Every structure is written in C-alpha cells, then in structure tokens.
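Take a moment with the sequence and the 3D view. This short tour goes through a surface patch and then a ligand site.

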Amino acid sequence: MAETAPRLEIRGVTRAFGGGPVVADVSLAVAAGQVTCLLGPSGCGKSTTLRIIAGVERADAGEVWIDGARMAGPGLHLPPERRGIGMMFQDFALFPHLTVAANVAFGLTGDRTAKTARVGELLERVNLAGFADKHPHQLSGGEQQRVALARALAPRPKVMLMDEPFSGLDNRLRDGIRDTTLEILKEEGAGVVLVTHEPDEAMRMADEIALMRGGRIVQRGAPYNVYNAPVDKAAAAFFSDINVIRGISRGALTQTPFGAFLTPGHVDGGAVEIVIRPQHLKIDFDRAGRGPNPTSLDGTPARGEVIRARYLGRESLVEFRMDFDGSTLTASVPGVFLPSPGTALWLMIRRDRCFVFGVQTK
Ligand code: ADP
Ligand code: MG
C-alpha cells in the first residue's frame, strides 16, 4: 500500500548547548498543505528546532526527513540549500538594492522566461502585481512582508519554515497578512512549520499546534483540542488567564465551595486543582441576593465581592474576592458589564468547561 510521505517528519530530535538539552526528543510530522505551529514561551526551544529542520543547526540525535528522504541523522547532514525548504523569519530583510521582482527571483534557477513567469505569478498571488520594479524602501511593512513570502515560495519549497514572521508588523496589518499568507501557503501545498509564542496566532493559523515547554512537545493537537483539553495547568494557562480551585478527591468526588465535582481517576485523598477559564466562570444573575441553590446542575453558586471591573471591548473582566477563602477569581462577561467595587454577586462553574488536574505531591 503506497502512502504519501509527509512533507516533513522529524524523529527524536535532541540538541544541547553545554548544559541540559534545549530540544529534547522532539518528533512531529507535517503533511502537504498543513500548518503546524510550534507554540511556547520564549526560550523553550522553538527556533532551535526550526533551525535543525532547516539544517543551519545540527542535532545531537534524531532524524529529519523531507518528502520521504533523509536530510539529517547519524552520519548525515545535508546543507540547507539541498533540503527543498523555504524560510521566513521576523527579520526577513529583503535585498535593498534589488527590485521587488529581482528579490523574488533571487532563489530561482532555470531560464529567464520561466523565472519571469514564476515571479509574475507569485507577485499576483500576493497582490503586488504592479510593484515589480519598485525597491523595498518604497513599500510598506506589510508589502515588504508579502514580497518576502513570494521570495521564499518562488522555488516551490516542499517545506516552509517560518519563525515569528509576523511579529514585526503592527497589529492593524497583522490579521489581514496572516490570512493572506495562510491562503497562499495552502494553495502552494508546502508543509509549513510556524514558530510563534502567541497563542492567538497559533489558534488562527494552525491545523495542528505542538505546544512546547523546556525543549519538549508537551501536547499536540488541533487548536480546538489543545484549547479545550489541555494536558496540565500550565498548558491551560498558556492560552488564557485561569482560575484555580483546590480540593481533595475522595471517592471520585471533590467537594468545593462551588459544590461537588466529579474527579474520577484521581487518587483517593489526593489533592486536585480545578481549572476554569474566565469565560466559563458564570455570574448567577437569577440567584443574586437569594442565596445558594444546591439543586443547580452547575453546582452551588459561591458568593464574592467585586474588586474591580474592566471593559476590554468584546468582553468585560470582573475580578472577585471570594467569601469562602478570600481568594481572587476572574470572570469574563461578554459585552459591557461594569459592576462597582463591593457589589456582591454569586458565581457558578460550568462542569463541562472545567479541567481537573492532580497535584503532584513529593
Ligand atoms: P525559542 O525560539 O523558543 O525562544 P530558542 O530555540 O531560541 O528558543 O532557544 C532555546 C534555548 O537554547 C535558550 O535558552 C537559548 O539561550 C539556547 N540557545 C539557542 N541557541 C544557542 C546557541 N547557539 N548556543 C547556546 N545556547 C543557545
Ligand atoms: Mg525563537
């Protein structure tokens, strides 16, 4: 049975610089037309992983395969120019003395007619058809970024490697350019690895997110799954603010001031943390001022007092000091909701939207 090889596959890639490994046993596969985002905090090893794939950095162990051919592994290290990759970095420096067309043609081989045709096709695709004879300094940041994309794609790379390519652009431009870029990458059918430390960017661009921490991939999956089924508290916290309620699991149940939570699979007598994103902490307006309702499907409401409320445009963030232990919880309410400090309200936790994690004890 013939299976199409993934555009990119890396297996057990490991790299140390003197101390402990900064990339540790990283494996992933990217199919044609698929975007995988390496997402994680600064210093977690994203760029080093990308540089090893590109061949500008060597791995201590592991293999890099592109289109079914081994590029790097024990006793083998092909240089970047022989790997069929395109690269785009934050600092995508175009050649200032060359025209837009010459910049795009830079990595192309073959006869002049074919080159001119490919350059024309790409400039059209990035919506810069009329810009061929301009120089980089005559273009806006967004236009320069699109030229860089066209330049990277011109030789039809099998794998496109992008390291924070949008971080130099101002916010207003960024969303539009992300969407255009994504559309073109899909049309070109390269396998794409995009490095970013911004969860929003990964959620917007990725078919698959590979969440990295301390040199390792801690979770891989579609954006929906990584956001809605985080592997641990830190994975949940990487995507949004979180609220944490602590308790002890007994007989697969954990009692909290918000009522009982099902906590199957946790050690009897073991500490658990119930993690809730601010948008899933609900204000129980019906119940406000009338006390708890133990029969609610969402458990028991708990009372808190508003510390402060801020309007963020699409939502309002309201911080509460909870009566039960003085801790702070934050609720996100769609639209405008700005209760004054000191207002007492009842909060509930949606059972289908909270994550329960065991707490490691030494
Ligand atoms: P990220 O891109 O996720 O921010 P990097 O892959 O750039 O992280 O870096 C991971 C870690 O490896 C950092 O602590 C960085 O200082 C270290 N590092 C990267 N390259 C080198 C190098 N050439 N020599 C020594 N340390 C390096
Ligand atoms: Mg980096």
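Start on the surface of this predicted model. Val-56, Met-87 and Phe-89 together make a nonpolar patch there, with an area of about 220 Å². Look at Met-87 within this group. Met-87 belongs to strand E7, which runs over residues 85–89. Is Met-87 buried or exposed? Its relative accessibility is 32%, so Met-87 counts as partly exposed. Buried would mean under 20%, and exposed would mean over 50%. A patch residue needs over 30% relative accessible area, and Met-87 has 32%.

Now turn to ligand 1. Which residues surround it? The shell begins in sequence with Phe-17 and Val-22. It also takes in Pro-41, Ser-42, Gly-43, Cys-44, Gly-45, Lys-46, Ser-47 and Thr-48. Sorted by class, this shell holds 4 nonpolar, 5 polar and 1 charged residues. Helix H1, residues 46–54, gives the most to the shell, with 3 residues.

Next come the polar contacts of ligand 1. A polar backbone atom of Cys-44 sits 3.2 Å from an oxygen atom of the ligand. Gly-45 also uses its backbone: one of its N or O atoms is 3.1 Å from an oxygen atom of ligand 1. Thr-48 uses its side chain instead, with a polar atom 2.6 Å from an oxygen atom of ligand 1.

How much of ligand 1 does the protein cover? On its own, ligand 1 has 560 Å² of accessible area, and the protein covers 56% of that.

Methods:
Residues are numbered from 1 along each chain as its sequence is written. Chains are lettered from A and ligands numbered from 1 in the order in which they are written. This is a predicted model: local features need pLDDT of at least 70, side-chain atom pairs count only at pLDDT 80 or more; totals for chains, interfaces and linings use all residues. Side-chain values use heavy atoms; hydrogens and water are left out. Patches are made of residues with over 30% relative accessible area and no salt bridge: like charges are joined within 9 Å, nonpolar side chains (Val, Leu, Ile, Met, Phe, Trp, Tyr) within 5 Å. Accessible areas come from the Shrake-Rupley method with a 1.4 Å probe; for residues, only the protein chains shown count as cover. A salt bridge is a side-chain nitrogen of Lys or Arg within 4 Å of a carboxyl oxygen of Asp or Glu. Helices (H or I, at least four residues) and strands (E, at least two) are DSSP runs, numbered from the N terminus. Buried means under 20% relative accessible area, exposed over 50%, partly exposed in between (1.4 Å probe, protein chains only). A residue is near a molecule or strand if one of its heavy atoms lies within 4 Å of it. A polar contact is a pair of N or O atoms within 3.5 Å; within protein, one must be able to donate a hydrogen and the other to accept it, and residues adjacent in sequence count only if both atoms are side-chain atoms. Ala, Val, Leu, Ile, Met, Phe, Trp, Tyr, Cys and Pro count as nonpolar, Asp, Glu, Lys and Arg as charged, and the others, Gly among them, as polar.
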